[in-house]
Amino acid sequence: MDLYTAIHRRRDVRAEFTGEPVPEETLRRILDAAHAAPSVGYSQPWDFILVRDAGLRCRFHEHVRQERDVFAATLSGEAARRFARIKIDGVLESTMSIVVTYDPSRGGPAVLGRHAIADAGLYSVCLAIQNLWLAATAERLGVGWVSFYREPFLSDLLGIPTGIRPVAWLCVGPVTHLESSPDLARHGWRQKRPLTEALHHDRWTP
């Protein structure tokens, strides 16, 4: 699969996981791809926690379910009806999870290139996540980014040290298929914004 195909085939997977094992050599390739991401000051501020334990995943899933209810309570009318149809995670269905963290002290105390933009380290972690996601897509694996959680809960659940931030809980595993369009578009939550609306030339234009 070439790069452009992987970019456009990539999906945020929820319901399509099979639960089948991820071959260790495949897992190593996608983690190598993540670890090859660019980073500010070559700080490589990420770590990857491989979560296979069923008990941990069940506890996290229950927390996610509770946070889903919190968000649902803020909706009404058609928005509430649309959201009720949307599956928000594949924590229990996926083969495993990968939690990606950010250590702002990595490469310090003077991180080259971060003095003016404090979030540059966080951006670096997001690049590692994108590398992992595209590599997994090229390997015919699915990835789902779960965002319905509170960071302190996840840090406590996995024993993440103080000062290190959990950035993403990624569900990973073989899938039956990848949908032709994103779930949120298929369920009518939002539609894709045309590229032409995102383009500006030289200065911001309304």
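Two strands count as paired if DSSP finds at least two bridges between them. Keep that in mind for the sheet. And note that this is a predicted model.

Start with S3 and S4. They pair in the antiparallel sense, over 6 bridges. One of the facing pairs: Val-143, whose bridge partner in S4 is Val-172. S3 is mostly covered, with 5 of its 6 residues buried.

Now S4's pairing with S2. S4 covers residues 165–174, and pairs with S2 over 7 bridges, again antiparallel. Here Val-99 stands opposite Trp-169 of S4.

S2 also pairs with S1, residues 46–51. That pairing is antiparallel too, over 6 bridges. Trp-46 stands opposite Tyr-102 in S2.

So much for the pairing. How many of the residues of S2 are buried? S2 runs from 96 to 102, and 7 of its 7 residues are buried. In a regular strand, side chains alternate between the two faces of the sheet. Look at S2 with that in mind. Met-96, Ile-98, Val-100 and Tyr-102 point one way. Ser-97, Val-99 and Thr-101 point the other way. Both sets are buried.

Next, the cores. In soluble globular proteins, nonpolar side chains tend to be buried together. In this model the largest nonpolar core has 25 residues. Which residues have the most contacts inside it? Ile-30, Ile-98, Ile-129, Leu-132 and Leu-170. Helix H2, S2, helix H5, S3 and S4 each supply at least two core residues. H5, residues 120–138, gives the most, with 8 residues.

Take Ile-30 as an example. Leave aside its neighbours within four places in sequence. Ile-30 is then in contact with Leu-132, Ala-135, Ala-136, Glu-139, Leu-141 and Val-172. Val-172 we have met already, as the bridge partner of Val-143.

There is another core, apart from the largest one, of 22 residues. Phe-17, Ile-88, Val-91 and Leu-154 are among them.

On to the rings. A pair of aromatic rings is described by the distance of the centres and the angle of the planes. The model has 8 aromatic pairs. I will show two.

The first on my list is Phe-71 with Trp-189. Their centres are 6.5 Å apart, with 55° between the planes, and the pair is tilted. Phe-71 lies in helix H3, and Trp-189 in the loop between helices H7 and H8, so the pair ties together parts 118 residues apart in sequence. Are these residues buried, exposed or partly exposed? Phe-71 is partly exposed, at 30% relative accessible area. Trp-189 is partly exposed as well, at 24%.

Then Phe-83 with Phe-148. Their planes meet at 20° and their centres are 6.2 Å apart, so this pair is stacked; the cut-off for stacking is under 30 degrees. Phe-83 sits in helix H4 and Phe-148 in the loop between S3 and helix H6, 65 residues apart. Both Phe-83 and Phe-148 are buried.

Ring pairs link Phe-71, Phe-83, Phe-148 and Trp-189 into a cluster.

Phe-83 has a charge to deal with as well. The charged end of Arg-68 sits over the Phe-83 ring, 4.2 Å from its centre. Elsewhere, the charged end of Arg-10 sits over the ring of Trp-133, 4.6 Å from the centre.

To recap. S2 pairs with S1 and with S4, and S4 pairs with S3. The largest nonpolar core draws most on H5. And a cluster of linked rings includes the Phe-83 ring, with Arg-68 over that ring.

How values were computed:
Residues numbered from 1 in each chain as written. Predicted model: local features only at pLDDT ≥ 70, side-chain atom pairs only at ≥ 80, totals over all residues. Heavy atoms only, no water. Buried < 20%, exposed > 50% of the residue type's maximum accessible area, 1.4 Å probe, protein only. Helix = DSSP H or I, 4+ residues; strand = E, 2+ residues; numbered from the N terminus. Phe/Tyr/Trp six-rings, centres within 6.5 Å; stacked < 30°, edge-to-face > 60°. Lys NZ or Arg CZ within 6 Å of the ring centre and 35° of its normal. Core = buried A, V, L, I, M, F, W, Y, C linked by side-chain atoms within 4.5 Å. Contact = heavy atoms within 4.5 Å.
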